[in-house]
Structure formats: structure tokens, C-alpha cells
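This report goes through one protein model, beginning with its pockets and ending with its overall layout. Please keep the sequence and structure in view while reading.

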Amino acid sequence: MTFIKDNIRKTLIAKGRELVKLKGADYLTARKLAEASEYSVGTIYNQFGTMDNFVLEQNKQTLDELLRFMLKTPKGESSYQMLNRYLDAFVNFVSANRNLWFLLYNFHLHAEYGKLPKLYLRKLVMVTKVWEDAFDDVYGNLKVKERQLARQVLWLTLFSLSSFLTTNALDNFSRINKKSLCKLLLNTYLAGLTVLRA
């Protein structure tokens with residue numbers, strides 16, 4: 001019975017992922033998922049309880065994929081170069097998975113942080129930890145709490161900016177290359193920290 005339930009969950013998650021990739025995050029509803037998977041709406045709610053729980057499962061998978069992608073980042077000559085390579089990896093992943101990332105980003109806009117499951121939060125933290133060694137190597141003479149705060153500010157800024165990578169809405173307003181914009185933001189921030197450190 002558990003095996004059958006696991007197979008149903010896996011099928012629904014895979015079908016949901018297909019729908020989001022092809023049609024966008026807004027297209028994902030219980031009814032559309034039921035049509036695509038050939039399971040009933042009742043089965044979907046029986047498996048996940050709510051569509052928010054279903055989206056959470058999608059987002060866990062997206063975070064796992066992002067983490068694997070970032071861990072493949074080739075080593076740079078310096079920790080500073082590694083920070084830039086991690087940024088490139090992050091931007092490339094988000095740009096290649098726009099609809100999945102928008103689903104994750106949008107979920108965070110509406111989620112109550114205290115109610116997110118610990119496993120999900122752990123996955124989010126693992127992604128931010130990829131940058132940690134390189135960041136601490138560059139800014140090792142900052143106090144531990146200052147480094148933690150600086151890393152959090154950097155991640156939150158990049159996370160906020162990531163929604164910009166998922167849309168073409170502002171392309172007519174500005175022709176700035178999105179990756180260049182992210183790199184400018186990262187390097188301006190790192191330069192500012194260097195000045196503050198001095």
C-alpha cells in the first residue's frame with residue numbers, strides 16, 4: 001500500500017513539474033494536475049492535503065536541483081572568483097528553470113516562515129552554505145556575526161533579484177543584461193564590504 005502511495009505521489013510531482021515547466025506556475029491547479037496525471041482531484045488532496053503542500057514538494061526538488069548544480073561549479077583561482085562563479089551558477093540555473101523558480105519565489109512571498117517545515121528550511125540553508133567558505137575566506141577578518149549578517153543580506157538581495165530573472169516584463173524598459181546586473185550588484189556589494197572592513 002505504501003509503495004502504491006509513493007508511486008502516486010511521484011507521478012503527481014513529475015506531472016506537476018511538467019505542467020509548470022511547459023505552462024508556467026500560474027497554470028498549476030488541482031484540476032489541471034488531475035487532467036494531466038489522470039488521477040482525480042480527490043486523490044491529489046488525499047496525497048498532499050493542500051496544493052500548498054504540493055508546491056512545497058515541487059520547491060524541495062527545485063532546491064535539490066539548484067544545490068547539485070551549484071556544487072558542480074568549477075574551482076576558481078581565488079575565493080573572490082568563486083563567489084562570482086557561484087553567482088553565475090545561480091543565475092544560469094534560475095534562467096534555465098524560470099517557471100520552476102517563479103513557483104518557488106512566489107511561494108515564499110506568501111508563506112509564513114515559522115510554518116515552513118524544517119526539512120524545507122534545511123534545504124534552503126544548504127543552498128546558501130555553498131557560498132559560505134569562499135565568503136568567509138574573503139572576509140575572514142570580519143567578526144563572525146558581521147559575516148553572518150553580510151552573507152544573509154547578500155543572499156536575500158540575490159533571492160529578491162531572482163524574480164527579475166524569471167520574467168521578460170522589464171525587457172522593453174531596459175536592455176541591461178540580467179546576468180551583468182547581478183554581477184554588478186554582487187561585486188559592488190563585495191567592494192562595499194571591503195571598504196567597510198578597512
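How much space lies in the largest pocket? In this predicted model, the answer is about 540 Å³.

## The largest pocket

The lining of the largest pocket consists of 18 residues, and those closest to the centre are Val125, Thr128, Gln152, Trp155 and Leu156. Three elements give two or more residues each to this lining: α7 (118–129), α8 (132–138) and α9 (144–165). Of the elements, α9 gives the most, with eight residues.

Sorted by class, the lining of the largest pocket has eleven nonpolar residues, four polar ones and three charged ones.

## The second largest pocket

The second largest pocket holds about 330 Å³ of space. Its lining is made up of 18 residues, and Asp52, Val55, Phe107, His110 and Ala111 lie nearest the centre. Helices α4 (51–71) and α6 (98–110) each supply at least two residues of this lining.

By class, the residues lining the second largest pocket are eleven nonpolar, three polar and four charged.

## Salt bridges between α8 and α9

The model has eleven salt bridges. Five residues are linked in a network of such bridges: Lys129, Glu132, Asp136, Arg147 and Arg151. Within this network, lysine 129 pairs with glutamate 132 in a salt bridge whose closest N and O atoms are 3.2 Å apart. Lysine 129 has a relative accessible area of 42% and is therefore partly exposed, since that class lies between the buried limit of 20% and the exposed limit of 50%.

Which residues form salt bridges with arginine 151? One is glutamate 132, with 3.7 Å between the closest N and O atoms. This pair links distant parts of the chain, as arginine 151 is in helix α9 and glutamate 132 is in helix α8, 19 residues apart. Another is aspartate 136, where the closest N and O atoms are 2.6 Å apart. Here too distant parts of the chain are linked: arginine 151 belongs to helix α9 and aspartate 136 to helix α8, with the two 15 residues apart. Is arginine 151 buried or exposed? Its relative accessibility is 17%, so arginine 151 counts as buried, the limit being under 20%.

## Helix α4 and asparagine 59

Helix α4 has 21 residues, and at 1.5 Å a residue it should span 30 Å. The C-alpha atoms at its ends are 30 Å apart, which agrees with that expectation. Many positions of α4 are listed as buried: Met51, Phe54, Val55, Leu56, Gln58, Asn59, Lys60, Thr62, Leu63, Leu66, Leu67 and Met70. An α-helix has 3.6 residues a turn, so residues three or four places apart point the same way. Val55, one of the buried residues of α4, is also among the residues nearest the centre of the second largest pocket.

Asparagine 59 is found in helix α4. Why does asparagine 59 count as buried? Its relative accessibility is 0%, and buried means under 20%, so asparagine 59 falls in that class. Leaving aside residues up to four places away in sequence, asparagine 59 touches Leu103, Leu104, Phe107 and Tyr120. Phe107 is also listed among the residues nearest the centre of the second largest pocket.

## Glutamine 81

Glutamine 81 is found in helix α5, which covers residues 79–96. With a relative accessible area of 27%, glutamine 81 is partly exposed. Glutamine 81 and glycine 24 are 57 residues apart along the chain, and 34 Å separates their C-alpha atoms.

## Overall layout

How many helices and strands does the protein have? There are ten helices and zero strands. Read along the sequence, the pattern is α-α-α-α-α-α-α-α-α-α. The C-alpha trace spans about 60 × 40 × 30 Å along its principal axes.

The protein has 198 residues, of which 41% count as buried. Among contacts between residues at least 6 apart in sequence, 68% join residues at least 24 apart.

Definitions and conventions:
Residues numbered from 1 in each chain as written. Predicted model: local features only at pLDDT ≥ 70, side-chain atom pairs only at ≥ 80, totals over all residues. Heavy atoms only, no water. 1 Å grid on protein atoms, 1.4 Å probe; cavity = no way out; pocket = protein on both sides within 12 Å on 5 of 7 lines; lining within 4 Å. Points joined across faces, edges and corners; volume = space filled by probe spheres on them. Helix = DSSP H or I, 4+ residues; strand = E, 2+ residues; numbered from the N terminus. Nonpolar A, V, L, I, M, F, W, Y, C, P; charged D, E, K, R; others polar. Salt bridge = Lys/Arg side-chain N within 4 Å of Asp/Glu carboxyl O. Buried < 20%, exposed > 50% of the residue type's maximum accessible area, 1.4 Å probe, protein only. Expected span 1.5 Å × (residues − 1). Contact = heavy atoms within 4.5 Å.
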